[in-house]
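Dear colleague,

Please find the structure below, handed over for your own work. A summary of the findings follows it.

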Amino acid sequence: MKKIIQYVLAAVMILGIIGAIVYSKYSQYVPENPPDTVGNSAGNLYNGGLFAESDKYVFFSNPYDHNALYRMLPNETEIMKLSKSQAYMLNAAGDLVFYYQSLADANMDFTTAIFKTSGIYRIDSEGNRADCIKRCNVPAMQMIGNRIYFQDYATKTGTHLKSISVFGKDEKDIADTAINPSCMIGTTIYYQGTGNDHYLRTLNAESGFSAPIYPHNCYMPQNRGNYIYFIDVEQGYHISRFNLSDKSVEELVPEYCELYNLSDDYIYYQTGKTDSPALKRVPINGGEAEIVSPGVYQNINVTSKYVYFNAFDEPAPVYKVPANGMLQLGTFSAAAKVVAQAEED
């Protein structure tokens, strides 16, 4: 009888060990992405990467909770906190979100802060499978397929462009300059020059070959369809677009722009150098401008349903308008309410 009990206990222990191994591997399992996966739009990433949308969820950095990482459905329901760490440069793929975690976190006590470092992290939509991919300082990053392209800043060496797999392996050096990888089509990066000029250029992330495609100084290139949109510095900071097929350039916004983003149907942009600054929008192919809201705004982030933004140097409240269709100004009150509810509980 004793031997039977011993056999049973041994079998239970073995099964427990096997189960623990299987669970450990599953909990850190990262599925492969389709090759055409894009982590976030260039426009969102230029504006801090505070929102990123996957097939199901919108992941966002919640300014009402010290920029902690949350997720929700596109209609702002089913909001859930995923991590208390500050999250920026969000990139979404399937059930996972990849993000830059900054070192500073106003919500951490000193003991916790000692063990928290800045770097590229990932976590799933239920707040599980959290893992650090690389510890580094990241001014900009973009995910294409199964690779993350990122700027790596160090005090002694400056900012370099690198890439690493979403599995945290196979790190590669691409360029020893501060090339911003936010605007990518496949493995081609569209960026403004970082040396003697700020021309619109391309960089093949695999071969390292770089060449100018529009020899004029520009800023914030964004890809949409067969076009690269950009702020044309030499034309008074107006917004133009470059046709990738016939190489023609077309001006769309004939006034000074400080930043912008694209929805499916509109260009949203902040005007500057005027006595009446405002957030405005024009149709995606150009046309008559509409005032979204008077004032100076920043962090223009676009999802499938809304455009989010905040007043300059005032993270909250976060304002919103429908991304497409008629203008109706509101606030991102759902994000504030869930934080207030958690504090009451």
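I begin with one ring, that of Tyr297, a residue that is buried, with a relative accessible area of 10%. Please note that the model is a predicted one.

Tyr297 forms an aromatic pair with Tyr319. The geometry is edge-to-face, with 6.1 Å centre to centre and 85° between the planes. Tyr319 is partly exposed, at 24% relative accessibility, whereas Tyr297 is buried; the dividing value here is 20% relative accessible area. Because Tyr297 belongs to strand 23 (residues 297-302) and Tyr319 to strand 25 (residues 318-322), the pair ties together parts that are 22 residues apart in sequence.

This pair belongs to a wider set: the search of the whole structure gives 17 aromatic pairs. Ring pairs also join Phe51, Phe60, Tyr70, Tyr306, Tyr308 and Phe332 into a cluster. One of these rings, that of Tyr306, has the charged end of Lys320 sitting over it, 4.3 Å from the ring centre. A further contact of this kind involves Arg281, whose charged end sits over the ring of Tyr266 at 3.7 Å from its centre.

Turning to open space, the largest pocket holds about 590 Å³. It is lined by 31 residues, of which Val38, Asn40, Ser41, Ala42 and Arg224 are the closest to its centre. By class, the lining comprises 17 polar, ten nonpolar and four charged residues. Elements that each supply at least two residues of this lining include helix 2 (42-46), strand 1 (51-53) and strand 15 (210-224). Strand 8 (141-144), strand 12 (184-185) and strand 19 (257-262) do likewise.

Finally, some points on the backbone may be of use when you prepare the model. The peptide bond from Ala316 to Pro317 is cis, with omega near 5°. Pro317 is found in the loop between strand 24 (306-311) and strand 25.

Positive phi values in residues other than glycine occur at Glu78, where phi is near 55°, and at Met89, where phi is also near 55°. Glu78 is located in the loop between strand 3 (68-72) and strand 4 (80-93), while Met89 is within strand 4. Are these two residues buried or exposed to some degree? Glu78 is partly exposed, with a relative accessible area of 47%. Met89, at 11% relative accessibility, counts as buried.

With kind regards

How values were computed: Residues are numbered from 1 along each chain as its sequence is written. This is a predicted model: local features need pLDDT of at least 70, side-chain atom pairs count only at pLDDT 80 or more; totals for chains, interfaces and linings use all residues. Side-chain values use heavy atoms; hydrogens and water are left out. On a 1 Å grid over the protein atoms alone, a cavity is a set of points where a 1.4 Å probe fits but cannot get out, and a pocket is an open set with protein on both sides within 12 Å along at least five of seven lines; lining residues have an atom within 4 Å of a point. Grid points are joined across faces, edges and corners, and a volume is the space filled by probe spheres set on the points. Helices (H or I, at least four residues) and strands (E, at least two) are DSSP runs, numbered from the N terminus. Ala, Val, Leu, Ile, Met, Phe, Trp, Tyr, Cys and Pro count as nonpolar, Asp, Glu, Lys and Arg as charged, and the others, Gly among them, as polar. Rings of Phe, Tyr and Trp (its six-membered ring) pair if their centres lie within 6.5 Å; planes under 30 degrees apart count as stacked, over 60 as edge-to-face and the rest as tilted. Buried means under 20% relative accessible area, exposed over 50%, partly exposed in between (1.4 Å probe, protein chains only). A charge sits over a ring if NZ of Lys or CZ of Arg is within 6 Å of the ring centre and within 35 degrees of the ring normal.
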